[in-house]
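Welcome, and please open the structure below in your viewer. Keep the selection tool at hand, and we will walk from stop to stop.

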Amino acid sequence: SPSGQPSTVGDSASRAQQEESVLRALQLWGRENGLAPYEIVRGVVLDHELEAWTAENGLLTSSDKLCRPALLRHYEEALRLCAQRASQSVRQEAKSTREETLRLIQ
């Protein structure tokens with residue numbers, strides 16, 4: 001849909017799987033290529049609705065630079081959800097690390 005929201009539950013699940021697949025591939029590449037933990041991608045938003053970022057649709061400036069305020073408005077909800085998922089992932093990783101550390105020292 002034009003609002004950036006999935007049009008059906010099935011679409012939503014498929015898109016979530018696609019985003020998860022892309023995220024895992026980027027994370028694997030980052031680890032295999034020696035990126036520091038803070039450099040590893042923690043979230044991905046795939047836009048299946050928009051064909052391109054252009055000056056005509058307001059997402060690029062007339063000099064073909066990113067129009068950041070417009071991009072933030074356009075992707076606001078998707079970015080908020082992405083950040084939420086990334087934050088949950090970080091908390092889960094920290095919990096797992098803490099549990100593993102406790103297990104090793106006991």
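Select Gln27 to begin: this residue lies in helix α1. Helices here are DSSP runs of H or I with at least four residues, strands are runs of E with at least two, and both are numbered from the N terminus. What you are viewing is a predicted model, in which local features need pLDDT of at least 70 and side-chain atom pairs count only at pLDDT 80 or more, while totals for chains, interfaces and linings use all residues. Residues are numbered from 1 along each chain as its sequence is written, and side-chain values use heavy atoms, with hydrogens and water left out.

Is Gln27 buried or exposed? Gln27 is buried, with a relative accessible area of 6%. The word buried stands for under 20% relative accessible area, exposed for over 50%, and partly exposed for what lies in between (1.4 Å probe, protein chains only). Now show the side chain of Arg24, which is joined to the side chain of Gln27 by a polar contact of 2.4 Å. A polar contact is a pair of N or O atoms within 3.5 Å; within protein, one must be able to donate a hydrogen and the other to accept it, and residues adjacent in sequence count only if both atoms are side-chain atoms. Not counting residues up to four places away in sequence, Gln27 touches Ile40, Val41 and Arg42; contact means heavy atoms within 4.5 Å.

**Next stop: Val41**

Move on to Val41, in the loop between α1 and α2. Val41 is partly exposed, with a relative accessible area of 31%. Add Val22 and Leu26 to the selection: together with Val41 they make a nonpolar surface patch of about 190 Å². Patches are made of residues with over 30% relative accessible area and no salt bridge, with like charges joined within 9 Å and nonpolar side chains (Val, Leu, Ile, Met, Phe, Trp, Tyr) within 5 Å. The accessible areas come from the Shrake-Rupley method with a 1.4 Å probe, and for residues only the protein chains shown count as cover.

**Back to the helix: Gln18**

Select Gln18, also to be found in helix α1. Gln18 counts as partly exposed at 33% relative accessibility. Which residues does Gln18 contact, leaving aside its neighbours within four places in sequence? They are Leu46 and His48. The side chains of Gln18 and His48 make a polar contact of 3.0 Å. For a longer view, draw a line from Gln18 to Ser62: they are 44 residues apart in sequence and 32 Å apart in space, C-alpha to C-alpha.

**Salt bridges**

How many salt bridges does the structure hold? The count is seven, a salt bridge being a side-chain nitrogen of Lys or Arg within 4 Å of a carboxyl oxygen of Asp or Glu. Try Arg85 and Glu19, whose side chains meet at 3.5 Å, N to O. This pair links distant parts of the chain, with Arg85 in helix α3 and Glu19 in helix α1, 66 residues apart. Arg85 is partly exposed at 42% relative accessible area, whereas Glu19 counts as buried at 15%.

Stay in helix α3 and pick Lys95 and Glu99, which are four residues apart and so separated by about one helical turn. Their salt bridge has its closest N and O atoms 4.0 Å apart. Then select Arg103 and Glu100, where the closest N and O atoms of the salt bridge are 2.6 Å apart. Arg103 is exposed, with a relative accessible area of 51%, while Glu100 counts as partly exposed at 34%.

**An aromatic pair**

Rings of Phe, Tyr and Trp (its six-membered ring) pair if their centres lie within 6.5 Å; planes under 30 degrees apart count as stacked, over 60 as edge-to-face and the rest as tilted. By this rule there is one aromatic pair. Select Trp53 and Tyr75: their ring centres are 6.1 Å apart and their planes are at 55°, so the pair is tilted. Trp53 lies in the loop between α1 (9-32) and α2 (68-74) and Tyr75 in the loop between α2 and α3 (76-105), so the pair ties together parts 22 residues apart in sequence. Trp53 is partly exposed at 40% relative accessible area, and Tyr75 is buried at 12%.

**Last stop: Asp64**

Finish at Asp64, in the loop between α1 and α2. Its phi is near 60°, a positive value in a residue other than glycine. Most residues other than glycine have a negative phi. Asp64 counts as exposed, at 59% relative accessibility.
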